[in-house]
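Hi everyone, thanks for coming. I'd like to walk you through a structure today, so have a look at the screen with me.

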Amino acid sequence: MAAVLKRVLRPGTFPAALGRPVGRREACLSTDAGAAVRVRFAPSPTGFLHLGGLRTALYNYIFARKHRGSFILRLEDTDQTRLVPGAAENIEDMLEWAGIPPDESPRQGGPAGPYQQSQRLELYAQATEALVKTGAAYPCFCSPERLELLKREALRNHQTPRYDSRCRNLTQKQVAQKLAEVPKPAIRFRLEEEAPAFQDLVYGWKQHEVASVEGDPVILKSDGFPTYHLACVVDDHHMGISHVLRGSEWLSSTSKHLLLYQALGWQPPHFAHLPLLLNRDGSKLSKRQGDVFLEHFATAGFLPDALLDIITNCGSGFAENQMGRTLPELVTQFDLTRITCHSALLDLEKLPEFNRVHLRRLVSSEAQRRQLVGKLQALVEEVFGSQLQDRAVLDPAYMERIILLRQGHICRLQDLVSPAYSYLWTRPAVGRAQLGTISEKVDEIAKRVIGLLERPGVSLTQDVLNGELKKLSEGLEGTKYSNVMRLLRVALSGQPQGPPVAEMIVSLGPKEVRERIQKVLSS
């Protein structure tokens, strides 16, 4: 590199300007003749995966599946000072948990690896050397202190901070002298005055005059690590990326990237910038909010499909918004040309309802229901542990019955181990005196209910029990039906409110109901 830098650095002759892109719909559905669709999700492991990142990854995954292409995970870890331990593993773990695993990644491997930018430094060095040779890039010897002063001065004058091109036109002799003092300078890209226009697949025709606004950007730092602008261009080229679907915050940088493609003589991919995902009040989702990280939702018991559903429901890309879409349905219905420029407002208060819909769908599948039973067993063991007086509550048949009866009433499987449902797993501490405050006819009510449960040939379904309990209360002079139900509910659960008494009896089963009532009578 030093040998190259000692040559005269003069503006190079760039390849011909990029051809005018094809129409928006045509462009998004095609690549170069015979080329496969390849998209990438390229987060920085400076934090764990959050909802905004999930949405970007999801749209890339859906687009790849829609066009039988490949979905690639690339970790942009060139800012070594900001890396968070465990973040790289968390990102891939959460993509797998969400049901959108990459086809190629640091963990999966693949033909275009390595998939961590810190392991691809030689490629960036080669690209930089090529740019320096043509004069499209030049060494910058400015100290961090000088650059900071420039920034402060610009801000003090209410201007956009930009590099003042001090090192842009150094002579060959000046460069040689400075290289003797600073052998590893930063490398800046020489921005041209007229940036190419491009057609974004979401925002339409765009052109940003980056040269007059930003000044020449650093593309390779003095430590040999690239900045985002060079790294993403080099990696997208060498990984054969056909379409770049990324957040709209990078829209204004695209002209800069296209200039890099021109200078390197490479064909750029198609670009589609996705509108921001915002809070319901229009504020930006922040990584500092612990409740936007996927791990939070997974731990809290929310289903992956519910998250995928709500982050697509609040945005665009589909003919209509509807609750309950599964991932295969999202792939089938997705249309990139339907993505609008409007930000997506995410209302997380609706997430429990989305989860309820998807949980009910899982319950309707026998295979999925068996998996839910296993998860509920683990939850009961975790929450109640040694409090379980009867291990029979862990019986799969019992748990399946509970899930079937409560489907549609609960939002998460975790709801079944909340205090409101503790009576399903442990016997409540209820005494006769407590029931006596509800009705004086505790013994008579208990006797009639036990007789009902022991009646031969009676199918104790909810409908049958509802009818029989009404008949039972009608024979108790001076006792309201509502008081009978209240007394039985407290006797069985220790709680004044809860599911219908008939459902509670079906849930617990005749044997357990008899034992609980007899325990109260003997107290």
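I'll talk about how the chain is divided, then about one interface, and then about one helix. Keep in mind that this is a predicted model.

Okay, domains. The protein chain is split into three: domain 1 covers 294–356, domain 2 covers 365–422, and domain 3 covers 432–522. Let's stay with domain 1 and domain 2. Taken over C-alpha atoms, their centres are 27 Å apart.

So how many residues of domain 1 are in contact with domain 2? Seven, and on the other side they meet six residues of domain 2.

Now, the size of an interface is often given as the accessible area lost when the parts come together. For domain 1 and domain 2 the buried area is about 550 Å², with 46% of that coming from carbon and sulfur atoms. In domain 1, the residues that lose the most area to domain 2 are Ala 300, Gly 301 and Arg 356, and together they make up 65% of what that side buries.

What about polar pairs and charges? Between domain 1 and domain 2 there are zero salt bridges, but four residue pairs are in polar contact across that interface. On the domain 1 side, helix H14, residues 351–363, gives the largest share, three residues. By type, that side has three nonpolar residues, three polar and one charged.

Last stop: helix H6, residues 144–156. H6 has 13 residues and spans 18 Å from its first C-alpha to its last, close to the 18 Å expected. After H6 comes His 158, which has a positive phi, near 60°.

Notes: Residues are numbered from 1 along each chain as its sequence is written. This is a predicted model: local features need pLDDT of at least 70, side-chain atom pairs count only at pLDDT 80 or more; totals for chains, interfaces and linings use all residues. Side-chain values use heavy atoms; hydrogens and water are left out. Helices (H or I, at least four residues) and strands (E, at least two) are DSSP runs, numbered from the N terminus. The expected span of a helix is 1.5 Å times one less than its number of residues. Domain bounds come from an automatic or database domain assignment. Contact means heavy atoms within 4.5 Å. Buried area is the accessible area (1.4 Å probe) that two parts lose on being put together, summed over both. A salt bridge is a side-chain nitrogen of Lys or Arg within 4 Å of a carboxyl oxygen of Asp or Glu. A polar contact is a pair of N or O atoms within 3.5 Å; within protein, one must be able to donate a hydrogen and the other to accept it, and residues adjacent in sequence count only if both atoms are side-chain atoms. Ala, Val, Leu, Ile, Met, Phe, Trp, Tyr, Cys and Pro count as nonpolar, Asp, Glu, Lys and Arg as charged, and the others, Gly among them, as polar.
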